[in-house]
Each structure stands twice: as C-alpha cells, then as structure tokens.
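Biologist: Hi, can you walk me through this one? I'm new to reading structures, so plain words please.

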Protein chains: 2
Amino acid sequence: MTTEQLYSQIQQKKSFLCIGLDVDLTKIPQHLLATEDPIFEFNKAIIDATHDLAVSYKPNTAFYEAYGLKGWMSLEKTIKYLNEKHPEIFTIADAKRGDIGNTSTMYAKAFLEDLNFDSVTVAPYMGKDSVEPFLAFKDKFTILLALTSNEGAFDFQTKTNGEQELYKTVLETSKNWKNSENLMYVVGATKAEYFTEIRKIVPNSFLLVPGVGAQGGSLKEVCKYGMNDTVGLLINSSRGIIYASAGEDFAEKAREEALKMQHEMEALLK
Amino acid sequence: MTTEQLYSQIQQKKSFLCIGLDVDLTKIPQHLLATEDPIFEFNKAIIDATHDLAVSYKPNTAFYEAYGLKGWMSLEKTIKYLNEKHPEIFTIADAKRGDIGNTSTMYAKAFLEDLNFDSVTVAPYMGKDSVEPFLAFKDKFTILLALTSNEGAFDFQTKTNGEQELYKTVLETSKNWKNSENLMYVVGATKAEYFTEIRKIVPNSFLLVPGVGAQGGSLKEVCKYGMNDTVGLLINSSRGIIYASAGEDFAEKAREEALKMQHEMEALLK
C-alpha cells in the first residue's frame, strides 16, 4: 500500500481510526470460548462490524504469542482474512521488533512478506542497521517508536542531558536512513503538547497515535497539533472499542464505539 | 535458576559459553531438510554435542518467527528438550521485546512461564513500566539491552548530548526499578574498552556478551575489563560454532569450535 492509497481511504471513510486487536481470552465473550479458534472468531466479528469505520487494524503480537502455537495460528488467520476480504485496510503488526542487521531481516520478512502486513512497529534503540532491513520493502512501512504513550516514556525518550530530547534525536537521525520515505512514527496521544515540536521535524510523516481513550489522551488536542495536509494521523483505540461489551452483543457495541470515534473524526476533518 | 546456580555451573564446566541457536534453513546441512522438523533436529544435535562445554543456549526468536507456525513449534520443542534433558543449562529467549505495562506482561508470561525460559532479552526504550513486568518473575532474569554489538549502537546508545552516554543512563536508571536484582545486561564484545565504565555502574551483574568471533570482538579483552568475582560474563557465539561445517559432521565440528572456546575460557578463569 502507498500513503496516497491510505489517504484516499481516509477521505472515503471520513475516518483515521485504527482498531487494536489485542485479544485477551479472559475478556472476550464467554460463548466464543466454545469455538475452535476464539481469538480469530472474535477478530472476525469485530472486523465485520467495523471495517467501514476504520482504515487500519493493529494486532499486538504479544497477545498472540501469549497463546503459543494457537495464538500464532490466530494471528495468521486474522491477517489472511484482512488481506483477502478487505485489501484496502492498512494493517499493522504491532511487534516492536529490532535486532542486528541480518536478524532484523528475518523479522522483516516474517511480518512484511510471509504474513504480508502493510507495516510493522520497530524499536529504535539499536540504531540504523537494525531498522534499515525493514525499510527495504517497497510499499511497506516501518513504524518507529518515537514517543510512546506510557509513563516509562519519560525515563529515556524525553531525557535531554542538555541539548535535545532523545525522541527528537531518533526522529532526526532516522530521516537520514536509506528508504526513510517508508518510515512512520509512534507518538502517544497522552503527550499532545509534544506534537508541535514533532511536526517541525517530520511534517509529512504518518504518526500512529496510541493512548486516546483508555490511556487518557484527547483526540481533539492530537488533531490540533498533529494533523497535516494529508491528515498524517492514525489514531489507535483497542480496549475502548473491542471490549465495549462482554456479552453476545460485543460486535454491535464495538461498532457503536467505533461509530462515535468516526463521527468525532469526521467533524475534525472538516 | 539463581545466579549462584549459574556460577556453580560455570565453575564445574570451566566455561561461560553461551551458544546462539540462530537456525537458518539455508545454512544447515542438506540431509536434515528431509526430516520432519529440521530446525529442531539441528538444535538437538548441536545441544547433544556441546552441552558439557556450554552453560547457556540462546535461540533468537527472529529465526523461528521467520518460519511461521513451524518455526514456533521448533522453538517450543527446543526449549522443552533443554528443560527436560539439561535443566542445569541457563536458557535465554533472545526476543528483544518491550511494550506498555499490560502488554509486556503478556510477553513475560509467554517466555518466562509458558515456554519456561530462564531469561529473556528486553529493549529499554519504553522505560520502567515496559521492563518491570518481566522483573516480577522469581528466579528468572531480564537481560536488558545496554550497549549492543552492532554499528547502530553508535546512533543513540553512545550519544551523550553533553553529560553522559545513553547506555549509562539506561544502566543507572534500571538499578532503581523494582526487582532489579533480576536484571542482566547485553554488552557487545566489539566495544571492550567500554567494560571498565560499565563495571563501575553494575559491578555485580551478569553481562551477556555477543560479538566475539564473527563480529570481531576479543574474548581476552572482554574478560580483562568485564570479569568480576563470580565471572559475571556469558559469552555468546552463534555462527562460529553452529555453522562450523555444513556437512554431515556439523555437530562434531561444532563441538570442536566450542571446545576451543572452552579451553580459552578455562585459561582465562585461572
């Protein structure tokens, strides 16, 4: 997928919503547990109920690895279902990987080629040669952690030691890497005041924004400081949508929550 | 496992060698490809041939994820084999994970509880609440990336911005986290001159040291500056040992290479 195609989908759906498929078997409706693959059945129902309101889905790999082989099978089925039924959707493997060069290549192949996600999240700590293998894939995107939505973001990411914060160094440095046009960045909504500074460094890049809703970030504030000419934002919501109800009406309720967000987004797009 | 048990194993075997099980199907002997699970068969043969010379084995998860479901099955079989046949061995899941709190808990459970590794490598970028869920497991270890062996380490890890390098801030900050006694650190052998400074901050911690051999690090230099009273080092070698031969004698040749390293280590322990 290209960013042009992503932007055109945003215009069509009047939404820049990403739904996080973080499936926890202790939180999904009981009746699904009797099915052969409860995780996939849950995802399929959520996707079926919301695909006209969301432009992106983002399974976090931790929730699948936690169930071992069965979890990986559910992940494979979920991405296959998305790619076959909704090829227009921008898919994100929220994997936060990163390793030395030849090893990063293995991860990149696994997520961008074999599983065929449109993008994968990557941690920046190991630098250039740990990220460039991901950037080598044409029309695929590497979403680099810049400023995350959690409290621990203040441990290192915002540390300055005098000159500038680490997340700014990450943003600036990454712009010089090979195929850097394939970069997007994770920027948490809980730190909306940082968006102005971030847009000075990466005015045109898409930003994946977690932390709206459950984690307390404001959609309006994020858009005020972070939106650019082609929107440039993917706002993620996971728990607020997928766990809106634990009953048999879970998909319907998820749609209601997604619709609320889509309406807010439509208003902000005007 | 406790660090006392690890130290006693080191004394017994006169070795602090960790063997990296980074299995690439294009590099293993051809005859194994006809077996049902070539990755596991390869690992089993390597383990059988070297377990008296190594105190630790470290599968890098990238090499298993690259083969999808089959790869995960091979990883499960490998750790199960190690735990059943060689419970004295210190096992490391080289996964370089890290996410917000509740998500890191899923990763921690997957690797330290379900797969039952003794330890897992974790990236520090997301800070305290991304690492503490791993530290909560008793007699399990979290091996935090401090200074890695690749070139990209100079992009952020050694950046100072005036006061001190990022990797030192990571080392110092992590000492204040809950259950920090369960921390070990990754420090690349390619930067032996840094070990003196590192030992000032974490004199007692075990350091997992990649980069000896193929990547050019010197075992002697690392020991000179990095060894402490209880050795405190696990030296990893992957390609140099496991791919010593691509023929039917691969396990035998791997043993020869491991034996060379064990002899060097025995001399350095005196």
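Modeller: Sure. Let's begin with a term: buried area is the accessible area, taken with a 1.4 Å probe, that two parts lose on being put together, summed over both. Also keep in mind that this is a predicted model.

Biologist: Okay, so how much area do chain B and chain A bury between them?

Modeller: About 4800 Å², and 60% of that is on carbon and sulfur atoms.

Biologist: How many residues does each chain put into the contact?

Modeller: Chain B gives 57 residues and chain A gives 57 residues.

Biologist: And how many salt bridges cross the interface of chain B and chain A?

Modeller: Four turn up there. Take Glu65(B) and Arg97(A): their side chains form a salt bridge, at 2.9 Å from N to O.

Biologist: Why would side chains like that pair up?

Modeller: Side chains of opposite charge can pair when their charged atoms come close.

Biologist: Got it. How many residue pairs are in polar contact between chain B and chain A?

Modeller: The count is 24 residue pairs, both partners at pLDDT 80 or more. Several elements of chain B supply at least two residues each to the side that touches chain A, including helix H3 (61-65), helix H4 (68-85) and strand E3 (90-97).

Biologist: Which element gives the most to that side of chain B?

Modeller: H5(B), with seven residues. Sorted by type, the side of chain B that touches chain A has 24 nonpolar, 20 polar and 13 charged residues.

Biologist: Switching topic: what do the strands of chain B make?

Modeller: A barrel! Eight strands close up in the order E1-E2-E3-E4-E5-E6-E7-E8 in chain B, with parallel pairing. From one strand to the next, the twist averages 30 degrees.

Biologist: Where do E1 and E8 come in?

Modeller: In chain B, strand E1 (residues 17-20) pairs with strand E8 (residues 233-237) in the parallel sense, over three bridges. For example, Cys18(B) has Asn236(B) in E8(B) as its bridge partner. Helix H9 (residues 219-226) of chain B packs on the sheet, touching strand E7 (207-209) and E8, and the direction of H9 makes about 165 degrees with that of E8(B).

Biologist: Back to salt bridges: how many are there over all chains?

Modeller: A search of the whole structure finds 30. One pair in chain A is Asp37(A) with Lys77(A), at 3.2 Å from N to O. Those two are 40 residues apart: Asp37(A) is in the loop between strand E1 (17-20) and helix H2 (38-50) of chain A, while Lys77(A) is in helix H4 (residues 68-85) of chain A.

Methods
Residues numbered from 1 in each chain as written. Chains lettered and ligands numbered in written order. Predicted model: local features only at pLDDT ≥ 70, side-chain atom pairs only at ≥ 80, totals over all residues. Heavy atoms only, no water. Pairing = 2+ DSSP bridges. Helix = DSSP H or I, 4+ residues; strand = E, 2+ residues; numbered from the N terminus. Axes fitted to C-alpha atoms, helices over the stretch in contact; angles between N-to-C directions. Contact = heavy atoms within 4.5 Å. Polar contact = N/O pair within 3.5 Å; in protein donor to acceptor, adjacent residues only side chain to side chain. Nonpolar A, V, L, I, M, F, W, Y, C, P; charged D, E, K, R; others polar.
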